[in-house]
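Visitor: Could you show me how to read helix packing and empty space in a structure? I would like the general idea, and then the case at hand.

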Amino acid sequence: MALTLYVETDRWRAHQRSVVAEFPGLVPVCKGNGYGFGHDRLAEEVSRLELDTLAVGTTYEALAMKDRFSGDLLVLTPYRRSEEPVPLPDRVIRSASSVDGVYGLVGSRVVVEVMSSMKRHGVTERDLGKLHAALDDVRLEGFAIHLPLDRTDGSDAVEEVIGWMDRLRAARLPLDTMYVSHLSGKELARLRQQFPQTRFRARIGTRLWLGDHGATEYQGAVLDVTPVAKGDRFGYRQQKAPGDGWLAVVAGGTSHGVGLEAPKALHGMTSRAKGMARAGLATVNRNLSPFVWDGKQRWFAEPPHMQVSILFVPAEAREPKVGDELKAILRHTTTQVDRLADR
């Protein structure tokens with residue numbers, strides 16, 4: 001019995017095809033935990049889509065993926081001279097975000113990242129004059145710009161890209177290929193219209209793999225059910241049951257990512273108030289689990305264990321049985337499942 005990611009395969013693949021059609025030249029991204037699906041599965045899907053390039057996060061991911069995918073591999077993390085050398089084939093393309101990084105990649109295939117309003121990494125406008133000499137010793141695959149998801153200042157993503165295209169052109173640098181992130185199909189069409197000689201390639205992960213929320217569902221199997229009365233002690237910390245009901249032991253614990261939550265940016269008073277409420281409940285050991293039973297998200301009886309979670313199911317709810325499966329509301333990028341099952 002396991003924590004399972006169920007995939008409605010036909011629906012999921014239909015969504016993939018729609019994204020590929022919207023973004024010609026798309027470069028799919030497979031990094032981290034493979035967006036919940038794992039690297040093996042996503043490599044299989046990219047091959048099925050007959051795409052020529054796959055983007056990964058690190059050189060270690062490229063090393064693992066080189067035997068799973070036969071096309072080009074684009075490493076998104078920029079090269080640093082101090083990094084551990086990893087033996088990679090010639091079909092691996094490295095990213096560089098500094099002139100020094102380009103000089104360190106002599107003979108390699110290279111994509112040069114420019115500094116966007118993300119301000120994460122990238123060459124700046126004042127670096128462009130120094131790039132000419134550095135590019136002589138590498139095989140330039142193009143430039144890249146990684147854009148923010150939200151633009152709270154009202155600025156235009158396309159105009160930001162155009163600004164960089166103009167700077168690169170003024171510096172007499174080649175504009176054959178530009179890799180972009182976080183643009184819509186319409187925004188990309190605007191760029192293609194303005195720069196018909198440039199090939200724009202969208203690097204897409206979340207929208208490609210997770211864009212159809214209804215195509216996937218996590219479920220945790222019930223391993224044991226124990227009836228409890230109000231005041232009964234249980235668990236590692238011997239807390240008291242808050243009422244009559246059942247303790248349901250469900251597959252899915254901290255090793256799966258259950259109970260682990262990435263920080264979120266809160267916008268507006270409502271989301272902030274909800275965050276404060278959750279924090280207040282946590283101080284009295286009241287934490288809502290991601291598992292849903294009988295139409296409601298259920299409370300953790302105590303913090304999740306390594307491979308299972310113990311939930312308190314009140315007597316007024318339907319009694320869970322061993323072998324039942326509970327829907328789990330989990331974040332794909334932080335979840336490791338026991339198995340993936342196609343439907």
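**Pockets, a cavity and two helix pairs**

Guide: Happy to, and let us begin with a pocket: the lining of the second largest pocket is made up of seven nonpolar, three polar and seven charged residues. Please keep in mind that this is a predicted model.

Visitor: How is empty space found in general, and how much space lies in the second largest pocket?

Guide: Rolling a probe the size of a water molecule over the atoms reveals where empty space is left. Here, the second largest pocket holds about 270 Å³ of space.

Visitor: Which residues of that lining lie nearest the centre of the second largest pocket?

Guide: There are 17 lining residues, and those nearest the centre are Val-86, Leu-88, Arg-94, Leu-105 and Ser-108.

Visitor: How many cavities of 30 Å³ or more are there?

Guide: The count comes to one cavity of 30 Å³ or more. About 30 Å³ of space lies in the largest cavity. Its lining consists of Glu-113, Val-114, Ser-116, Met-118, Arg-120, His-121 and His-146. By type, the residues lining the largest cavity are two nonpolar, three polar and two charged.

Visitor: Now to the helices. How should I describe a packed pair?

Guide: Two packed helices are described by the angle between their axes and by the distance between the axes. Take helix α1, residues 9-22, and helix α2, residues 39-48: their axes cross at roughly 60° and come within 11 Å. α1 and α2 are therefore oblique to each other. The crossing of α1 past α2 is right-handed.

Visitor: Which residues make the contact between α1 and α2?

Guide: From α1 come Thr-9, Trp-12, Arg-13 and Gln-16, while α2 supplies Arg-41, Leu-42, Glu-44, Glu-45 and Arg-48. Sorted by type, this contact of α1 with α2 has two nonpolar, two polar and five charged residues.

Visitor: And at what angle do α6 and α7 pack?

Guide: Helix α6 (residues 157-170) and helix α7 (residues 185-194) pack at about 30°, and their axes are 9 Å apart. Angles under 35 degrees count as roughly parallel, and α6 and α7 are therefore roughly parallel to each other. α6 passes α7 in a crossing that is right-handed. On the α6 side, Ala-157, Val-158, Glu-159, Val-161 and Ile-162 make the contact, and on the α7 side Glu-187, Arg-190, Leu-191 and Gln-194.

Visitor: How do the residues of the contact of α6 with α7 divide?

Guide: That contact of α6 with α7 has five nonpolar residues, one polar and three charged.

Methods. Residues numbered from 1 in each chain as written. Predicted model: local features only at pLDDT ≥ 70, side-chain atom pairs only at ≥ 80, totals over all residues. Heavy atoms only, no water. 1 Å grid on protein atoms, 1.4 Å probe; cavity = no way out; pocket = protein on both sides within 12 Å on 5 of 7 lines; lining within 4 Å. Points joined across faces, edges and corners; volume = space filled by probe spheres on them. Nonpolar A, V, L, I, M, F, W, Y, C, P; charged D, E, K, R; others polar. Axes fitted to C-alpha atoms, helices over the stretch in contact; angles between N-to-C directions. Helix = DSSP H or I, 4+ residues; strand = E, 2+ residues; numbered from the N terminus. Parallel < 35°, antiparallel > 145°, perpendicular 65-115°, else oblique. Left-handed = near helix turned anticlockwise from the far one by under 90°. Contact = heavy atoms within 4.5 Å.
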